[in-house]
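Biologist: I'd like to learn how to read a protein model from the outside in. Can you walk me through one?

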Amino acid sequence: MGRRWSLFLLLLAGTVGPLGASAPARPNLVFILADDLGYGEVSYHGQTRYTTPNLDRLAREGMVFTDAYAGSTICAPSRNCLLTGQHTGHATIRNNFAGGGNDGGRVALKPTDTTLAERLHAAGYTTGMIGKWGLGEDDTPSAPWRRGWDFFHGFVNQTHAHNQFPEFLYRNAGMEPLVENYGHKERVYAHDLFTQEALAFLDRQRDATQPFFLYLAYTLPHADVKAPTEAVEEAKRKFPGLAAPGVPEVAAAFAAMVMRLDADVGQLVTHLRDLGLEDNTLVIFTSDNGPHEEDGKDPAWFRSSGQLRGIKRDVYEGGIREPFFARWPGRIAPGTTSALPIAFWDFPATALEIAGLPRPADLPAEGISYAPTLLGRGAAQAQHDYLYWEISIKGQARQAVRTGQWKGVRYGLESKLQLYDLTADPGETHDLAAAQPERVAQLTQLIATAHVDSPDFPLTPGGTGKTKNKKKTQP
């Protein structure tokens, strides 16, 4: 009996740790968000004008979600979805500016919008945010340092973030001058500072007793399309096609931005390993919306959307489907792929489950947790009934809904719904609406169900936000 009892104790120790030991440490969370990086702008998804070896390795060492979606097709509403668990039919922020134009006021998160940072902070996590916020100005109750972040460094609003060499950044609630950039001098690259701050944040967690959540919202490769001169020259040396006759200089600058982003993601993953933190840290990398075409950057030349249709501001797949890689050594099987449709509003539920926390009663219902898929428990994975997006661009309402393999797209409230089979036609080239009126009716009804009026972001110019669902608007 003694031998059997000894074997039992040995097995027990291997399962729960030594008798009397504390419970296993709660996992850390690192969410890295690129800005305007398209589905096809990583070499893992076919980019050939340059390569992204560190992102490719992140994908190979973890799980790739092939059907992962941003919250919106532009930045502020996408980030609202990511941090609150709302989709854009319910979200407080549905465009970068009220009314959908470029001259309206910015809208901040409401006090009733609880951020993931607030939830994790209340549960004992140390929370850090570095990069672009975009969900509340410094004089509002939704400035980042008032919404659950123990540490913040970066841009508070989107317009300021258009400058890659800014004259100041925020460090928590204070403005930190970057004197070297005064007078339009371009000496300090904001992205480099963000990487330095992220590494320093990780250093501070090395011996901490609390778990941490780091949200690293990089601004690359958003416009301005600029990179340090040495980075542009390096891109040209490595990839001579960027300097070929007829190729605009902006192409090399854009490639340099993505290459720098890639290198720094690799540096962060290596730093986690060096600090002994990687085995207890889930790292996710993705982008906030589809690829841009600002400053002369040509998304067609780069095949920025891969085989997908559309770019930033479109609700076709190219505007909202994103590269999405998740890595957690020993917990996520390397080299795995999932076609589970997920979206930004699923991240809060996922993060809370990974953290071992119960789902809060006030967490928006539209989000599901994809933790079962990450951890190889696919049989326990919940599925979306549908995913929904809406936005008003230049006075035109754009809406999209996906249920299963079927996607409905509508540009203009009075226009007919387009219907696509994403399994057979991920590029959305064949509109099947005329042949499938019953499915069109089903998706039209889902759009009506998903949309809730927003006085700040009406879908009709000068309107209340109410979607019209009269028969004449249906095919």
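**Reading the model, step by step**

Modeller: Let's start with the surface: the accessible surface of the protein chain comes to about 19200 Å², and carbon and sulfur atoms hold 53% of it. Keep in mind that this is a predicted model.

Biologist: Okay, and how much of the protein chain is buried?

Modeller: Buried here means under 20% relative accessible area. Of the 475 residues in the protein chain, 59% are buried.

Biologist: Which helices and strands should I expect, in numbers?

Modeller: The protein chain has 12 helices and 16 strands. Its radius of gyration is 23 Å, close to the 23 Å the globule rule gives for 475 residues, so the chain is as compact as a globular protein of that length. If you follow the C-alpha trace along its principal axes, it spans about 80 × 55 × 45 Å.

Biologist: What share of the contacts join residues at least 24 apart in sequence?

Modeller: Take the contacts in the protein chain between residues at least 6 apart in sequence: 67% of them join residues at least 24 apart.

Biologist: Now sheets, please. How do I read one?

Modeller: The general idea is that strands of a sheet pair through backbone hydrogen bonds, either parallel or antiparallel. In this model, look for an open sheet of 4 strands in the order S13-S14-S15-S16, with antiparallel pairing. Its edge strands are S13 (387–393) and S16 (418–421), each of which pairs on one side only. From one strand to the next, the twist averages 15 degrees.

Biologist: What packs on that sheet?

Modeller: Helix H12, residues 437–450, does, and it touches S13, S14, S15 (406–411) and S16. The direction of H12 makes about 115 degrees with that of S14.

Biologist: How many bridges join S13 to S14?

Modeller: There are 7 bridges between S13 and S14 (residues 396–403), and the two strands run antiparallel. For one pair to find on screen, go to glutamate 390: its bridge partner in S14 is glutamine 399.

Biologist: Let's finish with a single residue. Is valine 452 buried, partly exposed or exposed?

Modeller: Partly exposed means between 20% and 50% relative accessible area. Valine 452 is at 41% relative accessibility, so it counts as partly exposed. You'll find valine 452 in the segment after H12.

Biologist: Which residues is valine 452 in contact with, leaving aside its neighbours within four places in sequence?

Modeller: Those are Gly89, His90 and Arg94. Look at threonine 88 as well: valine 452 and threonine 88 are 364 residues apart in sequence, yet 9.1 Å apart in space, C-alpha to C-alpha.

Note on methods: Residues are numbered from 1 along each chain as its sequence is written. This is a predicted model: local features need pLDDT of at least 70, side-chain atom pairs count only at pLDDT 80 or more; totals for chains, interfaces and linings use all residues. Side-chain values use heavy atoms; hydrogens and water are left out. Two strands pair if DSSP finds at least two bridges between them. Axes are lines fitted to C-alpha atoms, for helices over the stretch in contact, and angles run from 0 to 180 degrees between N-to-C directions. Contact means heavy atoms within 4.5 Å. The radius of gyration is taken over C-alpha atoms; the globule rule is 2.2 Å times the number of residues to the power 0.38. Buried means under 20% relative accessible area, exposed over 50%, partly exposed in between (1.4 Å probe, protein chains only). Accessible areas come from the Shrake-Rupley method with a 1.4 Å probe; for residues, only the protein chains shown count as cover.
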